Amino acid sequence: MKLLEHYEAVRSEVPESKLIVIPQRNKFSSLDFMDWLQACSAVITGGSAAGLDALLLDVPVVSIDLDGELGEIDFVAAGASLHVTQEADLAPAVARAIGSWKKLPELRKNVDAFLQHAFHELNGD
């Protein structure tokens, strides 16, 4: 199954996600990506910078890694995403991610620790 097909399956399995699948190189790709992220309740990605951007904007991330190749990605290794390695776990992870951070205290803690570690020196502290 291709990655976009997984996303389409999630759209049917988790209708409350209001998932919009935007393949690369389409008419929407010219829109400001940060504007898109700010309107998201969660982001599904592999190990792309979109995950990091989402975390910086306080958007939960579901990292999809069905081939087991993303364990070394910084935010994945830090436990700052809901990391999915099996197809059957994708829809439940998305359902968890679109809820509130209050429902994911361990993930919130990992995200905060990751961002503090990765970006603490940017403000001179």
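Which residue in β2 is the bridge partner of Thr45? It is Ser63. This is a predicted model. The chain has 125 residues, and 34% of them count as buried. Its secondary structure comes to six helices and three strands. Read from the N terminus, the elements run α-α-β-α-β-α-β-α-α.

**The sheet**

- Three strands form an open sheet in the order β1-β2-β3, and the pairing is parallel.
- β1 and β3 are the edge strands, each pairing on one side only.
- On average, neighbouring strands of this sheet are turned by 20° against each other, direction ignored.
- As background, the strands of a sheet pair through backbone hydrogen bonds, either parallel or antiparallel.
- β1 and β2 run parallel and are joined by three bridges.
- One of the residue pairs between them is Thr45 with Ser63 of β2.
- Between these two strands the chain passes through α3, and this β-α-β crossover is right-handed.
- β2 also pairs with β3, in the parallel sense, over three bridges.
- Val62 has Leu82 as its bridge partner in β3.
- Ile64 has Val84 as its bridge partner in β3.

**Strand β2, seen from both sides**

- β2 is covered on both faces.
- Val61 and Ser63 lie on one side, and both are buried.
- Val62 and Ile64 lie on the other side, and they are buried too.
- Ser63 thus appears twice in this picture: as the bridge partner of Thr45, and as a buried residue of β2.
- Val62 is likewise buried, is bridged to Leu82, and is among the residues with the most contacts inside the largest nonpolar core.

**The nonpolar core**

- The largest nonpolar core has 29 residues.
- Ile44, Leu55, Val62 and Leu90 have the most contacts inside this core.
- The elements that give two or more residues to this core include the three strands β1 (43-45), β2 (61-64) and β3 (82-84).
- The helices that do so are α1 (3-13), α3 (49-56), α4 (74-77), α5 (90-97) and α6 (105-119).
- α5 supplies the largest share of this core, with five residues.
- Which residues does Leu55 contact, leaving aside its neighbours within four places in sequence? They are Val61, Phe75, Ala80, Val111, Phe114 and Leu115.

**Asp65, a buried aspartate**

- Asp65 sits in the loop between β2 and α4.
- Is Asp65 buried or exposed? Asp65 counts as buried, because its relative accessibility is 4%.
- Not counting residues up to four places away in sequence, Asp65 touches Leu70, Gly71, His83, Val84 and Thr85.
- Asp65 and Thr85 are 20 residues apart in sequence, yet their C-alpha atoms are 4.9 Å apart in space.
- Val84 links this loop residue to the sheet: Val84 touches Asp65 and is the bridge partner of Ile64.

**Two further aspartates in loops**

- Asp58 lies in the loop between α3 and β2.
- The phi of Asp58 is near 65°, a positive value in a residue other than glycine.
- Most residues other than glycine have a negative phi.
- Asp58 counts as partly exposed, because its relative accessibility is 40%.
- Asp89 lies in the loop between β3 and α5.
- Asp89 has a relative accessible area of 38%, so this residue is partly exposed.
- Asp89 and Ile64 are 25 residues apart along the chain, and their C-alpha atoms are separated by 9.5 Å.

**Lys109 on α6**

- Helix α6 holds Lys109.
- Is Lys109 buried or exposed? Lys109 is exposed, because its relative accessible area is 53% and the cut-off for exposed is over 50%.
- From Lys109 to Gly79 there are 30 residues in sequence and 9.3 Å in space, C-alpha to C-alpha.

**The whole chain**

- Of the contacts in the chain with a separation of 6 or more, 43% are between residues 24 or more positions apart.
- The chain exposes about 7,800 Å².
- Carbon and sulfur atoms supply 53% of that exposed area.

Definitions and conventions
Residues are numbered from 1 along each chain as its sequence is written. This is a predicted model: local features need pLDDT of at least 70, side-chain atom pairs count only at pLDDT 80 or more; totals for chains, interfaces and linings use all residues. Side-chain values use heavy atoms; hydrogens and water are left out. A nonpolar core is a set of buried Ala, Val, Leu, Ile, Met, Phe, Trp, Tyr and Cys residues joined through side-chain atoms within 4.5 Å. Buried means under 20% relative accessible area, exposed over 50%, partly exposed in between (1.4 Å probe, protein chains only). Helices (H or I, at least four residues) and strands (E, at least two) are DSSP runs, numbered from the N terminus. Contact means heavy atoms within 4.5 Å. Two strands pair if DSSP finds at least two bridges between them. A crossover is right-handed if, with the strands pointing away from the viewer, the path from the first strand over the helix to the second runs clockwise. Axes are lines fitted to C-alpha atoms, for helices over the stretch in contact, and angles run from 0 to 180 degrees between N-to-C directions. Accessible areas come from the Shrake-Rupley method with a 1.4 Å probe; for residues, only the protein chains shown count as cover.
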